[in-house]
Amino acid sequence: MEYSFHEESHRVLVVDDEKVIREILSDFLSMEGYVVRTVEDGVEALEALAEGGYNLVITDLKMPRMGGLELLEEINKHAFNVLTVIMTGFGTVETAIEAMKKGAYDYILKPFKVEEVIHIVQRGLEKQRLQQENIQLKESLSIYRMSEALNKTLSIDKILEVIVSTTLKESGADVAALLLQDKNNKQFEVMTRRAKDTQPEGPDQEVLNLVEILEHYRSDRPVIYHGNRANRFFIKVPAGQKPAGFVSVPLKARMEIIGMLNVYSYTKSFKFSEGQRKTLSILADRASSAIDNARLHENLQRTLQQTIQGFARAMEAKDPYTRGHSDRVTLYAAMISKGLGLEPKHHERVCTAALMHDVGKIGIPLDALNKPQKLTREEYEIFKEHPDKGRRILEPIEFLRDIVPAVYHHHEQYDGSGYPLGLKGEDIPLDARILAVADTYDAMTSDRAYRKALSHEIAIAELRRCANTQFDPRIVGVFILEMEKELENRALAEQQENEVEEKKPAESPT
Ligand SMILES: [Fe+2]
Ligand SMILES: [Fe+2]
């Protein structure tokens, strides 16, 4: 029989084969505001529990069909997440103690005082409430921390690491693993797998029954299984690592399954709860969007890179004398940036600017300018427009806007005698000062329409001579130093190559 139901009331299941006990407990607990249901034995109790929603079970020990101890074992097995209170007569106190060892919350001696029962129920439910609040707090904190960590990165490797280590820590599982579906062959591959320190990490790993897992996902059946029922999700397990519990949640992006987050437990007494599965689902949702974002970002970066390179190629296609110029200037600018110890983002910006620095030449008639004779004043004036043309090409493109200062000012000179604005010293943006050195060195050491390439030594001497007038002396210094290192490395590599050649056995005379 069921009494008044209030949404926030706790639900108690009374299990006893004696009608009078059922009625007494039901009446008194209902008067205390609990929602009470009574059943006659363990079998009926299990049926009621399977429907869910109970907080506490008060059960007699000896009943027909299924007694209290057996019921307790079943409750543990199914992880019903209810407190169990055992009722027992004097003769069976030992059994009650055994029940406590098996996880019963408390026991009541028959004949009992009603107040005593109410007190135990209140105390138990209060404890359960505190525990749940604690779990919820811990879970929301871990989700919050993970989201924070995910917001800080766009690197897929880092994202996977954060997700899997958070999952392992928060679920109490022995192993957590994240699989992603390969876009080409559609196979699910283990991307990151972490095990507790206590778990042996062997070369052998379990083989999952992906068909079964995906089948569950498709039919919206939650994957949370224990004991033998967990086994069907594995095709092969390494010796001695039979999973005792398994939970799997899908990673979805734009309605498509893109991967799965799995946890296993090898500990028989450990049970994953439905709450944990739900938390895992939330983690998986955050993970999915972080992975999706990172992938989009990666794609975008790749497209941008290709666009930039396309630009650079288009520009050089017009001018055979500057073929490879942008790439070499990028190489030299990267060396200077490294020598200056610039931040990765800044380094990236300098390299892009180097690749694009002469983009404005697209807009000027280069054919006329590539001639063996010196440029006329008029022609030189046209040539001098290329930084400004570059600025105008790049400014409307949002993702290239931050390289505009470098491109616009790469022909400024340190003493203020350059163009287009005649900026002086540190007023010239740092990136532009870097480009000026890299650009001039390459111009000097390459063949041009009007002269042959100069040697490295002469070019370096020229840079030195013009430090402080044309160039920022600090950048000239860094470039010379980096260039020396580079040349030393090249010489060393060449020497090693020659040594390998020499060591090869000479051909035997015939
Ligand atoms: Fe230029
Ligand atoms: Fe240039």
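Student: Why does Asp358 count as buried?

Tutor: This is a predicted model, and in it Asp358 has a relative accessibility of 4%. Buried means under 20%, so Asp358 counts as buried.

Student: What makes Asp358 a link between the two iron ions?

Tutor: Asp358 coordinates both the iron ion (ligand 2) and the iron ion (ligand 1), and the two ions are 3.6 Å apart.

Student: Which residues are the protein donors of the iron ion (ligand 2), and how do you know that they qualify?

Tutor: They are His325 (NE2), His357 (NE2), Asp358 (OD) and Asp439 (OD). A donor is an N, O or S atom within 2.8 Å of the metal, and these lie 2.2 to 2.4 Å from the ion. Along the sequence, their spacing reads H-x31-H-D-x80-D.

Student: Why is the site of the iron ion (ligand 2) called irregular?

Tutor: Its four donor atoms give angles of 75 to 171 degrees. Four donors count as tetrahedral if all angles lie between 85 and 135 degrees, and the range of 75 to 171 degrees does not fit that window. The site is classed as irregular. As a reference point, the ideal angle for four tetrahedral donors is 109.5 degrees. A small caution for your modelling: water is not among the atoms, so sites may look incomplete.

Student: What makes the arrangement around the iron ion (ligand 1) irregular?

Tutor: There the four donor atoms subtend angles of 83 to 168 degrees. The tetrahedral window is again 85 to 135 degrees, and the arrangement is irregular. The protein donors are Asp358 (OD), His386 (NE2), His410 (NE2) and His411 (NE2), at 2.2 to 2.3 Å from the ion. Their sequence spacing is D-x27-H-x23-H-H.

Student: How do you know that His386 and His411 link distant parts of the chain?

Tutor: His386 sits in helix α14 (residues 386-394), while His411 is in the loop between α15 and α16, and the two are 25 residues apart.

Student: Why are His386, His411 and His357 called buried?

Tutor: The cut-off is under 20% relative accessible area. His386 has 0%, His357 has 0% and His411 has 18%, so each of them counts as buried.

Student: Which residues of α14 are buried, and what do they pack against?

Tutor: The buried residues of α14 are His386, Pro387, Asp388, Gly390 and Leu394. They pack against α11, α13 (377-383) and α15.

Student: What makes α9 roughly parallel or antiparallel to α11?

Tutor: Helix α9 (residues 274-317) and helix α11 (residues 344-356) pack at about 30 degrees, with axes 9 Å apart. Angles under 35 degrees count as roughly parallel, so α9 is roughly parallel to α11. The contact involves Ile308, Gln309, Phe311, Ala312 and Met315 of α9 with Thr352, Leu355 and Met356 of α11. By class, the residues of this contact are six nonpolar, two polar and no charged.

Student: And why is α6 called roughly antiparallel, as opposed to parallel, to α9?

Tutor: Helix α6 (residues 156-171) meets α9 at about 175 degrees, with axes 10 Å apart. Angles over 145 degrees count as roughly antiparallel, so that is the label for α6 and α9. Contact residues include Ile156, Ile159, Leu160 and Ile163 of α6, and Leu280, Leu283, Ala287 and Ala290 of α9. This contact has ten nonpolar, three polar and three charged residues.

Student: How do you know that the peptide bond from Lys110 to Pro111 is cis?

Tutor: Its omega is near -5 degrees, and the bond is cis. Pro111 lies in the loop between β5 (106-109) and α5 (114-151). The peptide bond from Tyr419 to Pro420 is also cis, with omega near 10 degrees, and Pro420 is in the loop between α15 (404-408) and α16 (430-444).

Student: What makes the phi of Arg65 worth a look?

Tutor: Most residues other than glycine have a negative phi. Arg65 has a phi near 65 degrees, a positive value in a residue other than glycine. Its place is the loop between β3 (56-60) and α3 (68-78). Asp220 also has a positive phi, near 60 degrees, and lies in the loop between α7 (210-218) and β9 (223-226).

Student: Are Arg65 and Asp220 buried or exposed, and why?

Tutor: Exposed means over 50% relative accessible area. Arg65 has 59% and Asp220 has 67%, so both count as exposed.

Key. Residues are numbered from 1 along each chain as its sequence is written. Chains are lettered from A and ligands numbered from 1 in the order in which they are written. This is a predicted model: local features need pLDDT of at least 70, side-chain atom pairs count only at pLDDT 80 or more; totals for chains, interfaces and linings use all residues. Side-chain values use heavy atoms; hydrogens and water are left out. Donors are N, O and S atoms within 2.8 Å of the metal (3.2 Å for Na, K and Ca); water is not among the atoms, so sites may look incomplete. Four donors count as tetrahedral if all angles lie between 85 and 135 degrees; four count as square planar and six as octahedral if opposite donors are over 155 degrees apart and all others between 65 and 115; anything else is irregular. Buried means under 20% relative accessible area, exposed over 50%, partly exposed in between (1.4 Å probe, protein chains only). Axes are lines fitted to C-alpha atoms, for helices over the stretch in contact, and angles run from 0 to 180 degrees between N-to-C directions. Helices (H or I, at least four residues) and strands (E, at least two) are DSSP runs, numbered from the N terminus. Angles under 35 degrees count as roughly parallel, over 145 as roughly antiparallel, 65 to 115 as roughly perpendicular and the rest as oblique. Contact means heavy atoms within 4.5 Å. Ala, Val, Leu, Ile, Met, Phe, Trp, Tyr, Cys and Pro count as nonpolar, Asp, Glu, Lys and Arg as charged, and the others, Gly among them, as polar.
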